Amino acid sequence: MTDFRDQTTARGIVLIGAQWGDEGKGKVVDLLAGRCDAVVRFQGGHNAGHTVIHDGETMVLHLLPSGILNPGVECLIGNGVALYLPQFFKELESIRQRGVDPAGRLYVSPDCPLIFPSHMALDQARERHAGRGRIGTTGRGIGPAYEDKAARRAVRAGELFAPRAFRRRLAAALDLHNFMLEKYYGAEPVNPKRVADEWLAMADELRPLVADVAARLETLETEGRAVLFEGAQGVMLDIDHGTYPYVTSSSTVAAGALAGSGAHLAQLREVVGVVKAYTTRVGEGPFPTELQDEVGRRLAREGAEWGATTGRARRCGWFDAVAVRGAAQRGSIGSLCITKLDVLDGVDPLRICTGYQVDGGKTDVRPALMNRYAECVPCYEQMDGWGGSTRGVTRWEDLPQGARAYIERLEALVGLEACIVSTGPAREETIIRRHPFDS
Ligand code: IMP
């Protein structure tokens, strides 16, 4: 095992979203997977929607690591992922239909908490019940599944192989779920026997895929393999560090990569934060730089800003350097990957949020108290847009001067270099200024 203090040989990169999710991580993971031996999911569940374009065909992955389309790349689902098995098998089937064979290179931790239909029913009933106070969740049962995990009543993937105990533990969990569904929310209960039968019917197909992910990561580390940890959602949606309560229920910061997979800290070389060249958010909650004008509609249109999981329209706004700088600190981010630069082609002038007006004064850090955050009025710095197109540009020198100046300004404000700039949805529409797996 590598010594804690000697990270010169570390070959693990963590890639996380540094905004409110939907930063385009799927494409970047798919791109970087070409240079690595394994990709690991460590948190979230099928609330994620990672869009990957493969041989001209668009594919949205919710649970499978986005490296799965690269033959030869091992894909691991760590203990931190909340696993909805019907979606897992549906995605497996769909990649097999595209001629991708995951046999012998896809493994799932037995410690993943399972998501059941009652978690989804609870998530949806709660949102209905909350009315205007809703979070705007994806309705995938993520919150209730992580609640069960923290309350130590989750049923985990490995339990499927002891059917009698599985039925007993599932019945106990569903007993509580159904009590809440019927008595508190006035919603339909979920039939425990039907769920148990349906899940146990998947056990045989799951069995060969179950492996000790932490042990596998140790082996990969010992062999000096390059491993990419694929975050879902983004730091601003982190359960502790995000815009609580308008967050998801997992740790989206880089530390989540360790807790959610069992990897050794010394395996990590660098954390790359993915950001859009502007900002989007889906669901409820404060969003200081949100635009409700024609510019916002233009970003939504040009950026095709609707959710990959729920199809909901995303809220759009200017790049918020305060939010990203805070996310970089909390997420241990060492460099940026800036996506969707091309969406800003022709937008003139451009604005970047450099601080907030709040409580009668100006601040350049996010207020600690969330009720203050909702009151923040952004302070903007203005820049000229650029003429010409950045779409598909692959070399930094070929970008219009104004686009380079914009990226350099974001780097200066956030205090981090942009090692990758994405100029279109396809793998090759990318400028790699420094490859994270080099150096
Ligand atoms: P949940 O994760 O379904 O509980 O939703 C909680 C919040 O996280 C909501 O605002 C969702 O819109 C947001 N969210 C969850 N997953 C994603 C994602 O993959 N991209 C963007 N937002 C997400």
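Which residues does I13 touch, not counting residues up to four places away in sequence? In this predicted model, the contacts of I13 are V227, L228, F229, R269, E270, V272, P436 and F437. I13 itself belongs to strand 1, which spans residues 12-17. Its relative accessibility is 0%, and I13 therefore counts as buried. A separation in sequence of 279 residues divides I13 from Q292, and the C-alpha atoms of these two residues are 37 Å apart in space.

E270, one of the residues touched by I13, also takes part in the surroundings of S335. S335 is located in strand 12, and this residue is buried because its relative accessible area is 0%, where buried means under 20%. The side chains of S335 and E270 are joined by a polar contact of 2.5 Å. With residues up to four places away in sequence left out, S335 touches E270, V271, V272 and G273, together with L416, E417, C419 and R434. V272 is thus listed among the contacts of S335 and among those of I13. Between S335 and G317, which are 18 residues apart along the chain, the C-alpha atoms are separated by 22 Å.

The ligand occupies the space of the largest pocket. It is surrounded by 16 residues, of which the closest are D22, N47, T138, T248 and V282. Individual polar atoms of the protein can be assigned to atoms of the ligand. A nitrogen atom of the ligand lies 3.1 Å from an N or O atom in the side chain of Q233. Backbone atoms are also involved: an oxygen atom of the ligand is 3.0 Å from a backbone N or O atom of V282, and a polar backbone atom of G136 is 3.3 Å from an oxygen atom of the ligand. Taken alone, the ligand exposes 460 Å², and 97% of that area is buried by the protein.

Q233, whose side chain faces a ligand nitrogen atom at 3.1 Å, is also linked to K25 through its backbone. The side chain of K25 reaches the backbone oxygen of Q233 at 2.8 Å, and a polar contact of 2.7 Å joins the side chains of K25 and E23. K25 is found in helix 1, residues 25-33. With a relative accessible area of 3%, under the 20% limit, K25 is therefore classed as buried. Beyond its neighbours within four places in sequence, K25 is in contact with L15, I16 and G17, with H50, with G231, A232 and Q233, and with V274.

Several loop positions show backbone geometry that merits separate description. Most peptide bonds are trans, and most residues other than glycine have a negative phi. The peptide bond joining Y244 and P245 is cis, with omega about 5°. P245 is placed in the loop between strand 7 (227-230) and helix 9 (255-259). A cis peptide bond also leads from D348 to P349, where omega is near 0°. P349 is placed in the loop between strand 12 (335-339) and strand 13 (350-358).

The loop between strand 12 and strand 13 also holds K340. Phi of K340 is near 60°, a positive value in a residue other than glycine. K340 is partly exposed because its relative accessible area, 23%, falls between the limits of 20% and 50%. A positive phi, of about 55°, is likewise found at S332, which is not a glycine. S332 lies in the loop between helix 11 (321-330) and strand 12. At 49% relative accessibility, S332 counts as partly exposed, because exposed means over 50%.

An exposed position is provided by A368, located in the loop between strand 14 (361-363) and helix 12 (370-373). The relative accessible area of A368 is 79%, which is over 50%, and A368 is therefore exposed. A368 and R269 are 99 residues apart along the chain, and their C-alpha atoms are separated by 30 Å. R269 is one of the residues in contact with I13, the buried residue of strand 1 with which this description began.

Notes: Residues numbered from 1 in each chain as written. Predicted model: local features only at pLDDT ≥ 70, side-chain atom pairs only at ≥ 80, totals over all residues. Heavy atoms only, no water. Helix = DSSP H or I, 4+ residues; strand = E, 2+ residues; numbered from the N terminus. Buried < 20%, exposed > 50% of the residue type's maximum accessible area, 1.4 Å probe, protein only. Contact = heavy atoms within 4.5 Å. Near = heavy atom within 4 Å. Polar contact = N/O pair within 3.5 Å; in protein donor to acceptor, adjacent residues only side chain to side chain. Areas by Shrake-Rupley, 256 points an atom, 1.4 Å probe, with all protein chains shown as cover. 1 Å grid on protein atoms, 1.4 Å probe; cavity = no way out; pocket = protein on both sides within 12 Å on 5 of 7 lines; lining within 4 Å. Sits in = over half its atoms within 2 Å of the grid points.
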